[in-house]
Amino acid sequence: MQSLQDRYAPHHECFGCGATNHKGLQIKSMVEGDRIIAHWRAQPHHIAFKGMLNGGICGALLDCHSNWTAAYFLMKHHKRDTPS
């Protein structure tokens with residue numbers, strides 16, 4: 001199964017979801033029925049302090065996954081083949 005990011009923006013450089021940003025978070029949003037699901041696991045360098053994820057990382061996760069989810073559903077609603 002191919003992620004929305006890999007399918008529609010394979011050369012995107014975004015820190016959160018860009019496939020070409022190898023130091024980024026590499027968020028992958030996947031279509032599963034009528035839902036969009038993203039699985040991501042924090043690494044030790046993503047912490048703010050022991051046991052707590054950095055707030056900027058949380059923001060990037062929400063921003064990228066939410067934007068791709070909205071783009072996908074708008075694309076389907078308007079019967080388009082691409083999000084642009």
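The following dialogue reads selected features of a predicted model.

Biologist: Which strands pair in this model, and in what sense?

Modeller: Strand β1 and strand β2, the latter covering residues 35-38, pair in the antiparallel sense over 4 bridges. Within this pairing, methionine 30 stands opposite isoleucine 37 in β2. The two strands form a hairpin with 2 residues between them. Glycine 33 sits in that turn and has a positive phi of about 65°.

Biologist: How should a positive phi be read when the residue is not a glycine, and where is glutamine 26 found?

Modeller: The general idea is that most residues other than glycine have a negative phi. In this model, phi of glutamine 26 is near 60°, a positive value in a residue other than glycine. Glutamine 26 belongs to the loop between α1 and β1, and its relative accessibility of 27% makes it partly exposed. Lysine 79 is also not a glycine and has a positive phi of about 55°. Lysine 79 lies in the segment after α2 and counts as exposed, at 74% relative accessibility.

Biologist: How many salt bridges does the structure hold, and which parts does the pair of aspartate 6 and lysine 28 tie together?

Modeller: The structure holds 1 salt bridge. In it, the side chains of aspartate 6 and lysine 28 meet at 2.8 Å, N to O. Aspartate 6 lies in helix α1, residues 4-8, and lysine 28 in the loop between α1 and β1, so the pair ties together parts that are 22 residues apart in sequence.

Biologist: Are the two partners, aspartate 6 and lysine 28, buried or exposed?

Modeller: Neither label applies, because a residue between 20% and 50% relative accessible area is called partly exposed. Aspartate 6 has a relative accessibility of 26% and is partly exposed. Lysine 28 is likewise partly exposed, at 22%.

Biologist: What does serine 3 touch?

Modeller: Leaving aside residues up to four places away in sequence, serine 3 touches Lys28, Ser29 and Met30. Serine 3 is found in the segment before α1 and counts as buried, with a relative accessibility of 2%. Among the residues that serine 3 touches is therefore Lys28, which is the lysine of the salt bridge and is partly exposed.

Biologist: Which residues have the most contacts inside the largest nonpolar core, and which helix gives the most to it?

Modeller: The largest nonpolar core has 14 residues, and those with the most contacts inside it are Leu4, Leu25, Ile27 and Trp68. Helices α1 and α2 each supply at least two residues of this core. Helix α2 gives the most, with 7 residues. For a view of the surroundings of one of these residues, consider leucine 25: apart from residues up to four places away in sequence, leucine 25 touches Phe15, Gly16, Trp40, His46, Ile57, Ala60 and Leu61.

Biologist: How many disulfides are there, and why is cysteine 14 not bonded to cysteine 64?

Modeller: The structure holds 0 disulfides. The cysteine sulfur closest to that of cysteine 14 is in cysteine 64, at 3.5 Å, too far for a bond. The cut-off used for a disulfide is 2.5 Å between the sulfur atoms. Cysteine 58 is in no disulfide either, and its nearest cysteine sulfur, that of cysteine 64, is 13 Å away.

Biologist: Where is cysteine 64 placed, and is cysteine 64 buried or exposed?

Modeller: Cysteine 64 is in helix α2, which spans residues 55-77, and is buried at 4% relative accessibility. By contrast, cysteine 14 is partly exposed at 23%, and cysteine 58 is partly exposed at 31%. Not counting residues up to four places away in sequence, cysteine 64 touches Cys14, Gly16, Cys17 and Ile27. The C-alpha atoms of cysteine 64 and lysine 76, 12 residues apart along the chain, are separated by 18 Å.

Biologist: How is a pair of aromatic rings described, and how many such pairs does a search of the structure find?

Modeller: A pair of aromatic rings is described by the distance of the centres and the angle of the planes. A search of the whole structure finds 1 aromatic pair. Tyrosine 72 and phenylalanine 73 form this pair, with 5.5 Å centre to centre and 80° between the planes, and the arrangement is edge-to-face. Tyrosine 72 counts as buried at 15% relative accessibility, whereas phenylalanine 73 is partly exposed, with a relative accessible area of 38%.

Key
Residues numbered from 1 in each chain as written. Predicted model: local features only at pLDDT ≥ 70, side-chain atom pairs only at ≥ 80, totals over all residues. Heavy atoms only, no water. Salt bridge = Lys/Arg side-chain N within 4 Å of Asp/Glu carboxyl O. Buried < 20%, exposed > 50% of the residue type's maximum accessible area, 1.4 Å probe, protein only. Pairing = 2+ DSSP bridges. Contact = heavy atoms within 4.5 Å. Core = buried A, V, L, I, M, F, W, Y, C linked by side-chain atoms within 4.5 Å. Phe/Tyr/Trp six-rings, centres within 6.5 Å; stacked < 30°, edge-to-face > 60°.
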